Amino acid sequence: MTTAPTRETVWSVLRTVPDPEIPVLSLVDLGVIREVAVEAGVAKVGITPTYSGCPATAVIKSDVRAALELAGLTASVYDVLSPPWTTAWITPEGCEKLRQYGIAPPQPATEVPACPLCGSHYTELLSEFGSTPCKSMHRCCACLEPFDRFKCI
Ligand SMILES: [Zn+2]
């Protein structure tokens, strides 16, 4: 008889599931995993979608289910719609991974983003929409490097 999964088992599997849009971030880093429970051997995972209409949400749910099943767990994945996800839920480790990946972490829109490469605040907005609707596109005026920034919500 196999041992019943624990919440810690489920969390450790979830930490290995990458965000489909930013693979350097795990879903745990992204802060979308809201609830984890194990009931009668079934791993129950509540996920809050990121930006509404972000096509990644469906991918995230099927990735979570697949990762848990691969680990031998029966999974039940459901939406937690309230409170809505905010970029403030991205963990400090997640923000650091974003910076290393070349994406400016979210911050209040009134603040000029710092270039993730050289750290200069002398940057300009190129477009409200970057590689995905969740990000805006900027360019550093110091090193001329373009970069994406996570929109703060
Ligand atoms: Zn720069």
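Colleague: Let me start with the first helix. Which strands does helix H1 (residues 7-14) lie across, and at what angle does H1 run to S1?

Modeller: Helix H1 lies across S1 and S2, and its direction makes an angle of about 140° with S1. Angles here run from 0 to 180 degrees between N-to-C directions. Do keep in mind that this is a predicted model.

Colleague: Thanks. Which strands does helix H3 lie across?

Modeller: Helix H3, residues 56-70, lies across S2 and S3. Relative to S3, helix H3 runs at about 160°.

Colleague: Then let us read the sheet under discussion. In what order do S1, S2 and S3 come, and what kind of pairing do they show?

Modeller: The sheet is open, its three strands come in the order S1-S2-S3, and the pairing is mixed. S1 and S3 are the edge strands, each pairing on one side only. On average, neighbouring strands of this sheet are turned by 20° against each other, direction ignored.

Colleague: How many bridges join S1 to S2, and which way do these strands run?

Modeller: S1 and S2 run antiparallel and are joined by six bridges. You can follow the register residue by residue: Ile33 stands opposite Ile47 in S2, and Ala37 has Lys44 in S2 as its bridge partner.

Colleague: Now the turn of that hairpin. How many residues lie between the strands S1 and S2, and which residue takes a positive phi there?

Modeller: Two residues lie between the strands, and Ala40 takes a positive phi near 50°. Ala40 is not a glycine, which is what makes a phi of about 50° worth noting. In the chain, Ala40 sits in the loop between strand S1 (33-39) and strand S2 (42-47).

Colleague: Is Ala40 buried or exposed?

Modeller: The way to read this is to count neighbours: 12 or fewer other C-beta atoms within 10 Å means exposed. Ala40 has 7 other C-beta atoms within 10 Å, so it is exposed.

Colleague: What is the phi of Leu144, and where does this residue lie?

Modeller: Leu144 is not a glycine either, and its phi is positive, about 65°. Leu144 lies in the loop between strand S6 (135-140) and strand S7 (146-150). It counts as exposed because it has 10 C-beta neighbours inside 10 Å.

Colleague: Those strands bring me to another sheet. In what order do S4, S5, S6 and S7 stand?

Modeller: These four strands form an open sheet, ordered S4-S7-S6-S5, with mixed pairing. Its edge strands are strand S4 (103-104) and strand S5 (123-127), each with pairing on one side only. S5 pairs with S6 in the antiparallel sense over four bridges, and within S6 the bridge partner of Leu125 is His138.

Colleague: How many helices and strands does the protein chain have?

Modeller: There are four helices and seven strands. Read from the N terminus on, the elements follow one another as α-α-β-β-α-β-α-β-β-β-β.

Colleague: How is the protein chain divided into domains, and how far apart do their C-alpha centres lie?

Modeller: Domain 1 covers 7-79 and domain 2 covers 102-150. Their C-alpha centres are 28 Å apart. Along its principal axes, the C-alpha trace of the protein chain spans about 60 × 25 × 20 Å.

Colleague: Which peptide bond is cis, and where is Pro83 found?

Modeller: The bond joining Ser82 and Pro83 is cis, with omega about 0°. Pro83 is in the loop between strand S3 (74-79) and helix H4 (92-101).

Colleague: Finally, the interior. How many residues has the largest nonpolar core, and which have the most contacts inside it?

Modeller: This core has 27 residues, and Val10, Leu27, Val32 and Val64 have the most contacts inside it. At least two of its residues come from each of H1, helix H2 (27-30), S2, H3, S4 and S7. Domain 1 and domain 2 each contribute at least three residues to this core.

Colleague: What does Leu27 touch, leaving aside residues up to four places away in sequence?

Modeller: Leu27 touches Leu14, Val17, Asp19, Val32, Ile33, Ile60 and Val64. For the chain overall, 29% of the 153 residues count as buried. Among contacts with a separation of 6 or more, 53% are between residues 24 or more positions apart.

Definitions and conventions:
Residues numbered from 1 in each chain as written. Predicted model: local features only at pLDDT ≥ 70, side-chain atom pairs only at ≥ 80, totals over all residues. Domains from an automatic or database assignment. Buried ≥ 20, exposed ≤ 12 C-beta atoms within 10 Å, placed from the backbone. Pairing = 2+ DSSP bridges. Contact = placed C-beta atoms within 7 Å. Core = buried A, V, L, I, M, F, W, Y, C linked by C-beta atoms within 7 Å.
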